[in-house]
Amino acid sequence: MAVASPSRSTFGGFRSSLGGALTNPTFWRGIVALIGFALFWELCSRSKQMFGVQVPWIGMVPPPSDVLGAWAKVVTEPGYWQSWYLSLNRVLAGFIAAQIVGIPFGLALAVNRYFRDIFFPPFEILRPIPPLAWVPASLIFWPTNEMSIAFVTFLGAFFTVVINVLGGARTINVQYLRAAQSMGASQWDLFWKIILPGTMPSIFTGAAVGMGITWEVVVAAEMISGGGTRKGGGLGFFIWNSYMGGSLEQIVVGMISIGIAGYLCSSAIRYLGFAAMPWRRLF
Amino acid sequence: MTVMSKNPAAAPAVQSGGKGAISIRNVTKIYDPGGVNVVAVDNCSLEIAPGEICMIVGPSGCGKTTLLNAIAGFHSITSGTIHLDGELLCGPDKPKAEQGADRIVVFQNGALFPWKTIRDNVAYGPIVQGRLSPVEARGKADHMLAEAGLHDVGDKYPGEVSSGMARRAEIVRALINDPRVLLLDEPYRAMDALTKSIMHEALLEMYDRTKVTIFFITHDLEESIFLGDRVVVMTTRPAQVKKIVDVRIPRPRNYKVLSSNEFRVLFAEAKDAVHEEAIKAFEAGERELA
Amino acid sequence: MSGDGTSSVAIQRGGGAPARPRAPTGIAYFQYVLNKKLRSPTPYLMALGIGGWILIYWLFSEVWNLPRFEKMPGPVAVISDWFSRKPFQGTSIFTETYYVHIWVSVRRIMIAFAIATAIGVPLGLIMGWSRRFKDYAFPILETLRPIPILAWVPLAILMFKGLETPVIFLATLASLFVTVLNTMLGVESIDEAYFRAAGCLGSKPRQVFWHVVIPGSLPFIFTGLQISMGVAWFSLVAAEMVSGDYGLGYLILSSYVNSVTVPMVIGMLTLGFVGWITSALVRMAGNQMMQWRTRALALEGR
């Protein structure tokens, strides 16, 4: 799917994909596009002081060169890294909780008909409610702010995880189950040797999507609720604080930081999926 | 191999027609996936007469489809020439043939557009070429479908009919354009033997009406002898012509031919050649190239 | 294939297809399905499931007043207020502001969704169609996409004047990413054989675009549009909470701030319901536009 490398060893694959990238027009076009985008942005932002013309919308955004300057200053402050740490903590807590509860729940929905009949309808009724709508109710219910954020984060990923696991488990080829049974597999074997690995691709799809939602929710929750307390912090609060303080450059720094953090988390999941499913590496 | 040098796989004098002669001369095709050269077709020559049903048989992944792709204009060739009725399709200065409605492919897994009704599928060619107005094209499509024994399926979508019906409709979609050559790429591969034999009779009936040249890829020997005027056995990759079996069973043929003595003799002759190559291909054990 | 028996009959040339018994349609079909469903335990277990959960919640919050649950509005309080002419906490189906909130949110969603679809689908089609265009546009899209929509809030407020535009911008942006990506994947998912078949039959590139690229990517486009509807609601609620004056998200947060918990729950449930309706509408539009798919799936009993 990603990069088809002829050799199976990681290093050889990496080297050939790197060599491939340097001769690949796609790679260079991507570089050209990103540089062009940055130049366009810079020009739009500076057009007022250079030509006296205000470009609508994008003209309000600080230019990338100023953002880089602000970033260079901010990375020396421990508060910035503290924000990273706090957000990452919340994301991981909510995400892991959603996996721990969601995967068994989804599998149970898939394998037991009565369980599904009883638990799936209320689940489906609650699912269309956007996670953020739970914030106030959660603030009322849970004793601390931190627990409320954790709960909403958990909910955001939970629904996606369950739907993916359920869908994945129900599309397992029945012939695999029959083949295993004909070779004398017990119910226990069926679950561990067929259903779980068969659902694995969907579990990882769900995890990747869930990770994205978790970041969305954490940032929003930090803006809505965590903003009040100094210690509450986090990258969402970093942005909100910069906005209140009128530092436009820092807003963009915060946005890019969250983007990088989210991207790193998704990459980690992709890598885990790659490591956990050797049979899917053929392509 | 032996026939190649002097009179390269000369075409037999087949009945009438007059159009649709394919001449493949010294064609070589080298793929280059990830820096490893794979010779798919090596210096292959073949003459196909107008109105002939030429069956190409060979082990999986031997390069039969490569040849078909070159004629259809999906892929380029590395060297050699391919002519259609004396016009150059592809050669040294023009490695890739242009796609055109004079050479229509019927694909392995079927390529009726699932989002168009069968009537609109059949009418598609004449409409996009601007030969007929949409109304005329649909009328002609209905007529041709009925002629092929496909009644009442015009309004259905391909997903609603059996695979056999869909495959026959796909051949009608090709024939409505009055092509010079029909290129069939294992069209009946996934079918059970009974459906297949019905498909064969339907195809032969359409052939008897149109006398179009047919280039037919398969690895079903029985099918190839039953349908073909000649059976061309290919070697395993890199593909070359290994043996040509002339099938002189008179037309029209029906399923009774399958139990005739003549058929059995031809089958044994072809089987020897194919079996040898199949073992070579199997022992190479490579994954098929698309 | 189930049709084998009949197809071998229909193949007799000139014989014509025999009359088959017609499958029930319309009300008869509905009755058939209903009957079949009522004979299985599923609907009763479903009712038991939903009823059981509401009962437990009612006991926890309104009968036993368990710690933490006591502060939550119970089902009786919510339902009696929701359908009351004189609601204690100010919001019910008889108050005008309730509908104003719904309408404001729905209107914002419709605008955002329409803009995102009008830009996203063509953009995605071109990205899937032209390798070169994708090479240039995709990296920019992928750079912006990991940034959570909510992180755009301050920037949106600065870039656009007023209250309405930033909120719509955020919902549009969220939808746009999803729509573009799915449309592009849709074009890339089309089997190469369809392009080849179209080429063989003498299509020009423009005709391939209209007859193959667009219909072939429709299934992915509509999957994308359903997801896009979901993320549009997600972002809208968040945006309304952060900066808004009306809308369901605002209703939920302002109720919390004013310590009226019942309208908060009413807001949540309404949000779920309206969100569900909008995505059902998208699904219906998809089925309508993809008759070929709907009918084939119906034959498989799905």
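**Exercise 1. Find which residue stands opposite Leu182(B) in S8(B), then work outwards to the strands around it.**

Start with the pair itself: Leu182(B) sits across from Ile214(B) in S8(B). Keep in mind throughout that this is a predicted model.

Next, zoom out to the strands. S7(B) and strand S8 (residues 213-218) of chain B are joined by five bridges and run parallel. To get from S7(B) to S8(B), the chain passes through helix H5 (residues 193-210) of chain B, giving a right-handed β-α-β crossover.

Now look at the other neighbour. Strand S6 (residues 103-106) of chain B is parallel to S7(B) too, with four bridges between them. One partner to pick out here is Val181(B) in S7(B), which bridges to Arg103(B).

**Exercise 2. Decide whether strand S7 (residues 181-185) of chain B is mostly covered or mostly open, and sort its residues by the way they point.**

Count first: five of the five residues in S7(B) are buried, so the strand is mostly covered, given that a residue needs 20 or more other C-beta atoms within 10 Å of its own to count as buried.

Then split them by direction. Val181(B), Leu183(B) and Asp185(B) point one way, while Leu182(B) and Leu184(B) point the other way. Both sets are buried, Asp185(B) included.

**Exercise 3. Write down the strand order of the six-stranded open sheet in chain B and name its edges.**

Read across the sheet and you get S6-S7-S8-S3-S9-S10, with mixed pairing. The edges are S6 and strand S10 (241-246) of chain B, each pairing on one side only. On average, neighbouring strands are turned by 20 degrees against each other, if you ignore direction.

For a check further along, take strand S3 (residues 53-57) and strand S9 (residues 230-234) of chain B: they pair in the parallel sense over four bridges. Cys54(B) has Arg230(B) as its bridge partner in S9(B).

**Exercise 4. Work out why Cys200(C) counts as buried and which residues it touches.**

Place it first: Cys200(C) belongs to helix H9 (residues 192-200) of chain C. It counts as buried because 27 C-beta neighbours fall inside 10 Å, and the cut-off is 20 or more.

Now for the contacts. Setting aside neighbours within four places in sequence, Cys200(C) touches Ala72(B), Gln99(B), Ala101(B), Ile104(B) and Val105(B).

**Exercise 5. Describe how helix H5 (residues 96-129) and helix H10 (residues 205-242) of chain C pack.**

Geometry comes first: the angle is about 145 degrees and the axes are 9 Å apart. The crossing of H5(C) and H10(C) is right-handed.

Then list some of the residues involved. H5(C) brings, among them, Ala112(C), Phe113(C) and Ala116(C), and H10(C) brings residues including Ile221(C), Leu225(C) and Trp233(C). By class, the contact has 16 nonpolar, five polar and one charged residues.

**Exercise 6. Summarise chain A and the side of it that touches chain C.**

Begin with the fold: chain A has eleven helices and zero strands. Of its 283 residues, 36% are buried. Among contacts in chain A with a separation of 6 or more, 66% link residues 24 or more positions apart.

Then turn to the interface, where 45 residues of chain A meet 44 residues of chain C. Elements giving two or more residues to the chain A side include helix H2 (25-51), helix H9 (187-224) and helix H11 (248-276) of chain A. That side divides into 36 nonpolar, six polar and three charged residues.

Conventions: Residues are numbered from 1 along each chain as its sequence is written. Chains are lettered from A and ligands numbered from 1 in the order in which they are written. This is a predicted model: local features need pLDDT of at least 70, side-chain atom pairs count only at pLDDT 80 or more; totals for chains, interfaces and linings use all residues. A residue is buried if 20 or more other C-beta atoms lie within 10 Å of its own, exposed if 12 or fewer, and partly exposed in between; C-beta atoms are placed from the backbone. Two residues are in contact if their C-beta atoms, placed from the backbone, lie within 7 Å. Ala, Val, Leu, Ile, Met, Phe, Trp, Tyr, Cys and Pro count as nonpolar, Asp, Glu, Lys and Arg as charged, and the others, Gly among them, as polar. Axes are lines fitted to C-alpha atoms, for helices over the stretch in contact, and angles run from 0 to 180 degrees between N-to-C directions. A crossing is left-handed if the near helix is turned anticlockwise from the far one by less than a right angle, and right-handed if clockwise. Two strands pair if DSSP finds at least two bridges between them. A crossover is right-handed if, with the strands pointing away from the viewer, the path from the first strand over the helix to the second runs clockwise.
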